[in-house]
Amino acid sequence: MPRKPTRRTQFQKPHPTFSRLARSMALTTSARKAKQQNNDLTVHTKAASNSTDDYDTKKSKRKESHSSSEDEDFEGVVQADFAFFDPKPDDFHGVKVLLQAYLDNKEWDLSSFVDLILQQTTVGTVIKIEDDKDNGIYGFISALNLHRYKDCKCMMEVKEFLLKMCQDNDIKENLKSYFGEKAAGVGLLVSQYVVNLPPQLLPPLYDGLFDEILWATEDEPTKELRKSFCFKYYILVSKVYKHKGNQKKKASSSSNEEDVIYLKPEDEIFHNLSAWSFRFPMRSQQVTTNELKNYQSMGLVMAVEASRVSSFKQQLHSLIEES
């Protein structure tokens, strides 16, 4: 059944924030485009195919346009048109770079893990700049069924690593069950993107993922594949900064530093909605900036019930609209 494209939506966010590096990147990729004076973020939707084989084409891929001119050292308008695409083999190196520290400094079969993500084209998205000749990858998202890929070496290594990092016995038992008897209903939700990615892209990115999961339960060609997307739980592996100081001492001091800093805004929502979670110290990415000198890089593993997805999407939309 053909899918209807999402309606065109206007976000009232006139000045997305870009770092100087992001502005330079956007300028390079947009030099050949006409300058635009409109500073709004617009979500465009490409028309869905009316073919009877509709599921073989990407459904409702969206294009995001950003313009900015706020910089004392920069004159003119910089435009970066981000677009969502199906994963494909050419995206291998870009996705692999984004996943370099996914399991901290562990040596594992990351290449095969990337292959799993790129081979699953019906559920998954990569973010690129529209008409970018370099085909750079600025982010991606996917969800992999733990049972479907349980015999893959890379997935066994993910399981081994997470169990080793978990120090709480009760949580470890839950984690074992997710990779064991409950695995058929568990999706490993993998999402990575560059630090400077405009946050306005996040709601449509996650909306698209969960839409595709729903469509896959109806449209995949075999019963086995359709069932593999009937997720009851999601596991997420991410990264945060944890304050090194004693929380009680910090609370009594005049410091305004947060106990935990989330690198990705959606992680705080997932964390609050999680059924269980745990953190572990990371060795591969130590803090080097003066602003974060009192923080330590920590891995964050979260389990979120699929029934909380609706609440997650609502909270994410609200967070980005209010920011």
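This is a short chat about the cysteines, the nonpolar cores and one helix pair in a predicted model.

Me: How many disulfides does the structure hold?

Reply: Zero.

Me: Why no bond for Cys 154?

Reply: The closest cysteine sulfur, in Cys 152, is 5.2 Å from the sulfur of Cys 154, and that is too far for a bond. The cut-off for a disulfide is 2.5 Å.

Me: And is Cys 154 buried or exposed?

Reply: Buried, because its relative accessibility is 1%. Cys 230 counts as partly exposed, because its value is 41%.

Me: OK, switching to the cores. Which residues have the most contacts inside the largest nonpolar core?

Reply: Leu 99, Phe 113 and Leu 188, in a core of 44 residues. Helix H4, residues 153-165, gives the most to this core, with seven residues.

Me: What is Phe 113 in contact with, leaving aside its neighbours within four places in sequence?

Reply: Its partners include Leu 99, Tyr 102, Trp 108, Cys 154, Val 158 and Leu 188.

Me: What does the second core include?

Reply: That one is separate, has 37 residues, and includes Leu 197, Ile 213, Phe 270 and Met 302.

Me: Now helices. At what angle do H9 and H10 pack?

Reply: About 145 degrees, with the axes 10 Å apart. H9 covers residues 265-273 and H10 residues 309-322. The crossing is right-handed.

Me: Which residues make the contact?

Reply: From H9, Pro 265, Glu 266, Ile 269, Phe 270 and Leu 273; from H10, Ser 311, Phe 312, Gln 315, Leu 316 and Leu 319.

Me: What's the split by class?

Reply: Seven nonpolar, two polar and one charged.

Notes:
Residues numbered from 1 in each chain as written. Predicted model: local features only at pLDDT ≥ 70, side-chain atom pairs only at ≥ 80, totals over all residues. Heavy atoms only, no water. Buried < 20%, exposed > 50% of the residue type's maximum accessible area, 1.4 Å probe, protein only. Axes fitted to C-alpha atoms, helices over the stretch in contact; angles between N-to-C directions. Helix = DSSP H or I, 4+ residues; strand = E, 2+ residues; numbered from the N terminus. Left-handed = near helix turned anticlockwise from the far one by under 90°. Contact = heavy atoms within 4.5 Å. Nonpolar A, V, L, I, M, F, W, Y, C, P; charged D, E, K, R; others polar. Core = buried A, V, L, I, M, F, W, Y, C linked by side-chain atoms within 4.5 Å.
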